[in-house]
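Open the model in your viewer and keep the sequence beside it. The stops below go from one strand to its partners, and then to a single side chain in a helix.

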Amino acid sequence: MSRLGEKCDNPKVGGEGTDVVLVDPNEVHPDLVSVAATLRELGLLPVVEGEIQKVRAQLQRISAWASRPSVPLSCERMLEFSVNCRVVPCKLYWPEDDETPLLLFYCHGGGFRHGALADWDAPLRQLVRDSGLAVLSIGYALSPEYRFPVAFNEVVSIVSRVINLGTITHCPVRGYALGGDSAGANLALGAALALRDAGMDAVRQLMLYYGSYSRGVSSDSWQRLGGYGGQNLSAKTMSAYWASYLAEDEDDWRVQPITADLAGLPPVRLIVGKLDPLYDENCELADKLHAAGVATHLEVLANMTHGFLRFNEVAPVVRDVIFTQATALRQALA
């Protein structure tokens with residue numbers, strides 16, 4: 001296992017998670033501080049409590065502002081998959097110069113209850129341009145309208161279906177990877193485990209940004225860190241996301257994939273900010289993957305908070321992160 005950045009210390013801290021502890025703005029990367037300041041000026045700071053549709057609408061307004069400079073790829077298509085009588089929208093992003101590319105299945109973040117396909121246009125377009133991979137972004141069912149295991153089953157079904165066909169929109173695919181951020185990283189890791197258990201070994205790489213892999217909110221990083229500059233990820237918020245996602249108190253590896261037997265997974269890339277409340281959890285997952293014999297690369301990003309990915313068009317540091325990860329993914333799959 002390789003690790004970049006500062007050493008991961010992962011002490012276990014008992015007791016209840018701190019409600020909100022603000023990150024010192026002097027520690028946050030200046031690009032993210034600038035984004036937060038602009039959002040405040042525009043009245044676009046996110047809300048995390050209140051009527052669900054209003055929360056979603058505000059977050060979509062933020063994404064629309066952040067992605068305005070993004071130039072569409074020459075080939076982007078909306079697709080639909082039917083899973084258990086629900087039509088699941090997906091968006092396919094196709095590279096410019098490859099007729100038979102590798103395909104990355106992607107699950108967006110949003111605490112299992114927020115996020116729309118268009119919100120991730122900007123970072124996924126850049127990822128396609130920088131990596132040469134095609135990307136299929138999966139618009140899985142959101143909670144609380146649909147609770148576990150609906151979203152999980154949709155992701156597994158769509159990924160399995162495409163892999164079994166060996167094509168996407170009638171174009172052959174040379175290989176597959178799985179990725180996601182935050183709640184989407186949880187779904188991507190869970191799907192990889194389900195594929196392994198089904199004897200499907202076509203996925204060759206996982207790329208997971210600042211994932212939530214358990215329901216715990218009492219680690220040291222949860223105690224120390226919380227919302228800053230529009231991120232607003234606190235123990236209270238995370239617990240509310242889990243309550244929205246789960247119909248009952250689920251003790252299931254599909255909910256908490258960090259508790260599963262991780263042996264036999266493809267190589268995994270984990271990316272997390274040092275100022276992310278999920279930092280300890282990502283370090284713990286890296287250690288467990290390594291112990292299970294899985295090739296694991298953990299990249300710790302100094303001065304980075306949670307949820308930065310969608311700001312690639314307005315924060316150069318995020319563009320650099322995506323470029324670095326896209327290049328590494330391309331090389332790993334070459």
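How many bridges join S4 to strand S5? The model is a predicted one, and in it five bridges link S4 with S5, residues 134-138, the two strands running parallel. Select Cys 107 and look across to S5: Ile 138 stands opposite. Now follow the chain from S4 to S5; the path goes through helix H3, residues 121-131, and this β-α-β crossover is right-handed.

Next, select S4 itself, residues 102-107. Six of its six residues are buried. Turn the strand to view each face in turn. On one side are Leu 102, Leu 104 and Tyr 106, and on the other Leu 103, Phe 105 and Cys 107; both faces are covered.

Add strand S8, residues 175-181, to the selection. S8 pairs with S4 over six bridges, in the parallel sense. To find one point of this pairing, pick Phe 105, whose bridge partner in S8 is Leu 178.

Leave the strands and go to helix H2, residues 52-66, where Gln 58 is found. Is Gln 58 buried or exposed? Its relative accessible area is 10%, and because the cut-off for buried is under 20%, Gln 58 counts as buried.

Show what surrounds this side chain. Apart from neighbours within four places in sequence, Gln 58 is in contact with Gly 43, Leu 44, Leu 45, Pro 46 and Val 47. As a last step, draw a distance from the backbone oxygen of Gly 43 to the side chain of Gln 58: a polar atom there lies 3.4 Å away.

Key:
Residues numbered from 1 in each chain as written. Predicted model: local features only at pLDDT ≥ 70, side-chain atom pairs only at ≥ 80, totals over all residues. Heavy atoms only, no water. Buried < 20%, exposed > 50% of the residue type's maximum accessible area, 1.4 Å probe, protein only. Helix = DSSP H or I, 4+ residues; strand = E, 2+ residues; numbered from the N terminus. Pairing = 2+ DSSP bridges. Right-handed = clockwise from strand over helix to strand, strands pointing away. Polar contact = N/O pair within 3.5 Å; in protein donor to acceptor, adjacent residues only side chain to side chain. Contact = heavy atoms within 4.5 Å.
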